Amino acid sequence: MKVFEIENICYSYPDGTRALNGISFSVNEGEILGIAGANGSGKSTLLMLMMSCLSPLEGRILYHGNELSRESVRNMRRETGLLFQDPDDQLFLPTVREDVAFGPRNLGLSEEEVTSRVNVALHDTGIDTLGNKAPWKLSGGEKTLAALAGLFAMRPKTLLLDEPTSGLDPKSRRDLINIIGRTKITAVIATHDLDMVMDVCHRVIIMKDGRIASDGEVPGILTDRKFMVSCGLEVPLSLTNRLS
Ligand SMILES: Nc1ncnc2c1ncn2[C@@H]1O[C@H](COP(=O)(O)OP(=O)(O)O)[C@@H](O)[C@H]1O
Ligand SMILES: [Mg+2]
């Protein structure tokens, strides 16, 4: 079952920067798909297009077989959560609890249901004790987990995560990887943390200059040093150690 089908999309920013140049792939239900690539290769632009925050100039995006239109975008967004690269873009209410409650409350759920969802989301992200804290007082890793809790509270079917481990210390990074690994939902993770890709992704797409340079199973292509370097990446540390 295909959740997203991306068909030959191209995108240029208003200033003329060509960010994506003929991208095609599908996201299958239940898979954790890594999108790896150097800075500027188009990962964030791709996630913004999938979330319909930007519209493709060419090509089309299908969600569960339906081309994204005003109607199907609403449905897609109800079922899909996007974690921004910078959690400060996601957290805006005075306490973590209120922030996590914001989405479910907007769905018009009862206060009991909202509270229950918030408690489960805080628990699943391991931040039960941070509920009453102000988001701006949290560490970078805690902010990422709080933003993720906000997504979990919406009970999404698919998560789109933009560089979720960037800027995290080793323990927060490990915590986050464990949480992602435990979720049973479909996920697309844009990252250059290739060791995370090794740990949690079933499949990886390597992007280079707005195109797909490779799409295959993990570890597969990740072991090809020459190819990886040509894409501005490196062989994951966990593989180098194993090979040396
Ligand atoms: N708002 C923007 N306006 C103009 N160019 C942009 C904008 N955002 C990103 N770009 C450009 O689009 C390309 C892809 O960027 P991006 O999708 O952010 O890549 P990545 O997430 O892989 O680092 C880059 O060349 C970047 O400079
Ligand atoms: Mg990016």
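Contact here means heavy atoms within 4.5 Å. The exercises below concern a predicted model.

**Exercise 1. The setting of Thr80**

Task: Find the element that holds Thr80, decide whether Thr80 is buried or exposed, and list what Thr80 touches beyond four places in sequence.

Solution:
- Step 1. Thr80 belongs to strand S6, which covers residues 80-83.
- Step 2. The relative accessible area of Thr80 is 5%. Buried means under 20%, so Thr80 is buried.
- Step 3. With residues up to four places away left out, Thr80 touches Phe4, Met51, Tyr63, Pro156, Thr158 and Leu160.
- Step 4. A polar atom of the Thr80 side chain lies 2.7 Å from the backbone oxygen of Met76.

**Exercise 2. The surroundings of ligand 1**

Task: Name the residues that surround ligand 1, sort them by character, and find backbone atoms that lie 2.7 Å, 3.2 Å and 3.1 Å from its oxygen atoms.

Solution:
- Step 1. The shell around ligand 1 consists of Tyr13, Asp15, Thr17, Ala19, Ala38, Asn39, Gly40, Ser41, Gly42, Lys43, Ser44 and Thr45.
- Step 2. By character, three of the shell residues are nonpolar, seven are polar and two are charged.
- Step 3. Helix H1, residues 43-50, gives the most to this shell, with three residues.
- Step 4. A polar backbone atom of Gly40 is 2.7 Å from an oxygen atom of ligand 1. For Ser41, a backbone N or O atom lies 3.2 Å from an oxygen atom of the ligand. For Gly42, the distance from a backbone N or O atom to an oxygen atom of ligand 1 is 3.1 Å.
- Step 5. Ligand 1 taken alone exposes 560 Å², and the protein buries 63% of that.

**Exercise 3. Helix H1**

Task: Which residues of H1 are buried, and what takes a positive phi just after the helix?

Solution:
- Step 1. The buried residues of H1 are Lys43, Thr45, Leu46, Leu47, Leu49 and Met50.
- Step 2. Six of the eight residues of H1 are buried, so the helix is largely enclosed by the rest of the structure.
- Step 3. Ser52, just after H1, takes a positive phi of about 65°.

**Exercise 4. The nonpolar cores**

Task: Which members of the largest nonpolar core touch the most other members, and which helix gives the largest share of that core?

Solution:
- Step 1. As background, nonpolar side chains tend to be buried together in soluble globular proteins.
- Step 2. The largest nonpolar core has 47 residues, and Ile206 and Leu222 touch the most other members.
- Step 3. Helix H5, residues 140-152, supplies the largest share of this core, seven residues.
- Step 4. Beyond its neighbours within four places in sequence, Leu222 is in contact with Leu194, Val197, Met198, Val204, Ile206, Met228, Val235, Pro236 and Leu239.
- Step 5. Another core, of 29 residues, lies apart from the largest one; among its members are Ala19, Val27, Leu54 and Tyr63.

**Exercise 5. Helix H3 and Glu98**

Task: Identify the buried residues of H3, name helices that cover them, and classify Glu98 by accessibility.

Solution:
- Step 1. In helix H3, residues 96-106, the buried residues are Val96, Asp99, Val100, Ala101, Gly103 and Pro104.
- Step 2. Their cover includes helix H4 (111-124) and H5.
- Step 3. Glu98 also lies in H3. Its relative accessibility is 34%, so Glu98 counts as partly exposed.
- Step 4. Glu98 and Val118 are 20 residues apart along the chain, and their C-alpha atoms are separated by 8.7 Å.
- Step 5. Gly108, just after H3, takes a positive phi of about 80°.

**Exercise 6. Backbone geometry**

Task: Place Asn8, Asp209 and Pro219 in the structure, and describe the backbone at each of them.

Solution:
- Step 1. Asn8 lies in strand S1, residues 2-12. Although Asn8 is not a glycine, its phi is positive, about 50°. At 44% relative accessibility, Asn8 counts as partly exposed.
- Step 2. Asp209 is in the loop between strand S9 (203-208) and S10. It is not a glycine either, yet Asp209 has a positive phi of about 50°. Its relative accessible area is 60%, so Asp209 is exposed.
- Step 3. Pro219 lies in the loop between strand S10 (211-217) and helix H8 (225-230). The peptide bond joining Val218 and Pro219 is cis, with omega about 5°.

Terms used
Residues numbered from 1 in each chain as written. Chains lettered and ligands numbered in written order. Predicted model: local features only at pLDDT ≥ 70, side-chain atom pairs only at ≥ 80, totals over all residues. Heavy atoms only, no water. Helix = DSSP H or I, 4+ residues; strand = E, 2+ residues; numbered from the N terminus. Buried < 20%, exposed > 50% of the residue type's maximum accessible area, 1.4 Å probe, protein only. Polar contact = N/O pair within 3.5 Å; in protein donor to acceptor, adjacent residues only side chain to side chain. Near = heavy atom within 4 Å. Areas by Shrake-Rupley, 256 points an atom, 1.4 Å probe, with all protein chains shown as cover. Nonpolar A, V, L, I, M, F, W, Y, C, P; charged D, E, K, R; others polar. Core = buried A, V, L, I, M, F, W, Y, C linked by side-chain atoms within 4.5 Å.
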